[in-house]
Amino acid sequence: MWAQVRSYVRSAPLTYGWLVVLLATTLVQHSLTERTLRRLLQSTSTNLHHLASDPLRVLFQSLLWIDGRYWWPYLLIFTVFMAPAERWLGHLRWALVGLVCHLGATYLSEGYLYWSIQEAGASPRLIDARDVGVSYFVVGIVGVLFYRIPRRWRWGYLAVMVLLVVGGLILETNFTSLGHLCALLLGLACYPLTRRRRPSSAAYTPAVAISDGDLGHLRRCVELAREALEAGDEPFGSLLVDADGTVRFEDRNRIKDGDSTRHPEFEIARWSAKHLTPDERARATVYTSGEHCPMCAAAHAWVGLGRIVYAASTEQLAHWLRDWGVGPGPVASLPITTIAPGVEVDGPAPELTEEMKSMYEATFRR
């Protein structure tokens, strides 16, 4: 269990590194007098005064403090929302989405406050209002996660989030509540940053877009691969999962009788062409224990299937085969993105590397 926790934390280093910083600054808050704490938080606030005089400093420093004394709710929020988003989007895109929402919501809400002051709708004293914390960043990430939620739950998720944010604005109409609404809308507007394309390089890079749900499907693929191995076939297994998360088809390698084209990914392509509409194929995901070979990648692209998620990559397998003294096969080892550059691809899954390697070794090493 602890190994899984450590693996999960390592997969979202920015999220949990930030949490450590917030823990440290929260402990500092507890050690300060109320007067000193007020001065400290005031000096790091993204209010109109500081945004006009020293914007870069306060926009950064405001992310380092919690405007409150309790850290543990952020541990829960970061684990439920921030870490899955970082694992899905990757470290850089996660940070980019969050910063866009933090900056955009700050300036939109403070712009509204400035207008209210000019129109005598708010007190001029609010020019120096206290405004620190991570909420705009977090709400923006909550917004972009809309695109990660399974379609059957997606609109319900959005309805709950809109209800919470709009409800907060109605109950307490101020620039902070407006900022939360702006951050949610900006997160939703970051959809282009959710579109993942892997480079054509075959180099191994640990996956950051594989969710816990993906891992569950990949584990079933590994089970199918083991079934194939025990039946005398090569260890490969695959699933076809529709947009609602339902497994529509599964198969394993069946080449032992002499037909070397009977790969599970190829069977999925043939089955989906007969049983799914073009739209259903485009929104489906293929999970597989090993990255598609060129034949299967081409079949996948020709029938218009969607995302591919694999446990072990072609590059990993090729590296292991070289180490075991196994010569090249009749078909070049190429990544999916070289054969089908328009297909969204995620993998490998480090959690399953050793299990896949052991099955490959049992099959190919002599």
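## A first look at the chain

Glu-110 sits in helix H7, and this residue makes a good starting point for a tour of the model, which is predicted. Glu-110 is buried but forms no salt bridge. How far away is the nearest side chain of opposite charge? That side chain belongs to Arg-130, 12 Å away. Leaving aside residues up to four places away in sequence, Glu-110 touches Thr-46, Asn-47, Leu-48, Leu-51, Asp-131 and Phe-175.

Now let us step back to the whole chain. Its secondary structure amounts to 17 helices and five strands. Of the contacts with a separation of 6 or more, 73% join residues 24 or more positions apart. The charges number 36 positive and 35 negative, and the mean positions of these two groups are 2 Å apart. Some overall values are gathered here.

| Property of the chain | Value |
|---|---|
| Span of the C-alpha trace along its principal axes | about 80 × 45 × 30 Å |
| Residues that count as buried | 48% of 366 residues |
| Accessible surface | about 18300 Å² |
| Part of the accessible surface belonging to carbon and sulfur atoms | 62% |

Next comes the interior. In soluble globular proteins, nonpolar side chains tend to be buried together. In this model, the largest nonpolar core has 42 residues. Which of its members touch the most other members? They are Trp-18, Phe-78, Met-82, Trp-94 and Ile-141. Two or more residues of this core come from each of these elements: helix H2 (13-31), helix H6 (72-89), helix H7 (91-118), helix H8 (135-144), helix H9 (151-171) and helix H10 (175-189). Helix H7 is thus a familiar name, as the place of Glu-110.

Phe-78 deserves a closer look. Not counting residues up to four places away in sequence, its contacts are Thr-15, Trp-18, Leu-19, Leu-22, Ala-83, Pro-84, Val-134 and Val-138. Trp-18, one of these partners, is itself among the core members that touch the most others. There is also a second, separate core, made of 24 residues, including Ile-210, Leu-218, Leu-239 and Met-356.

Our last stop is a strand. Tyr-310 lies in strand S4, which covers residues 308-312. Is Tyr-310 buried or exposed? It counts as buried because its relative accessibility is 2%, and the cut-off for buried is under 20%. Ser-289 is 21 residues from Tyr-310 along the chain, yet the C-alpha atoms of the two are separated by 5.5 Å.

Note on methods: Residues are numbered from 1 along each chain as its sequence is written. This is a predicted model: local features need pLDDT of at least 70, side-chain atom pairs count only at pLDDT 80 or more; totals for chains, interfaces and linings use all residues. Side-chain values use heavy atoms; hydrogens and water are left out. A nonpolar core is a set of buried Ala, Val, Leu, Ile, Met, Phe, Trp, Tyr and Cys residues joined through side-chain atoms within 4.5 Å. Buried means under 20% relative accessible area, exposed over 50%, partly exposed in between (1.4 Å probe, protein chains only). Helices (H or I, at least four residues) and strands (E, at least two) are DSSP runs, numbered from the N terminus. Contact means heavy atoms within 4.5 Å. Lys and Arg count as positive and Asp and Glu as negative; His and the chain ends are not counted. A salt bridge is a side-chain nitrogen of Lys or Arg within 4 Å of a carboxyl oxygen of Asp or Glu. Accessible areas come from the Shrake-Rupley method with a 1.4 Å probe; for residues, only the protein chains shown count as cover. The place of a charge is taken as NZ of Lys, CZ of Arg, CG of Asp or CD of Glu.
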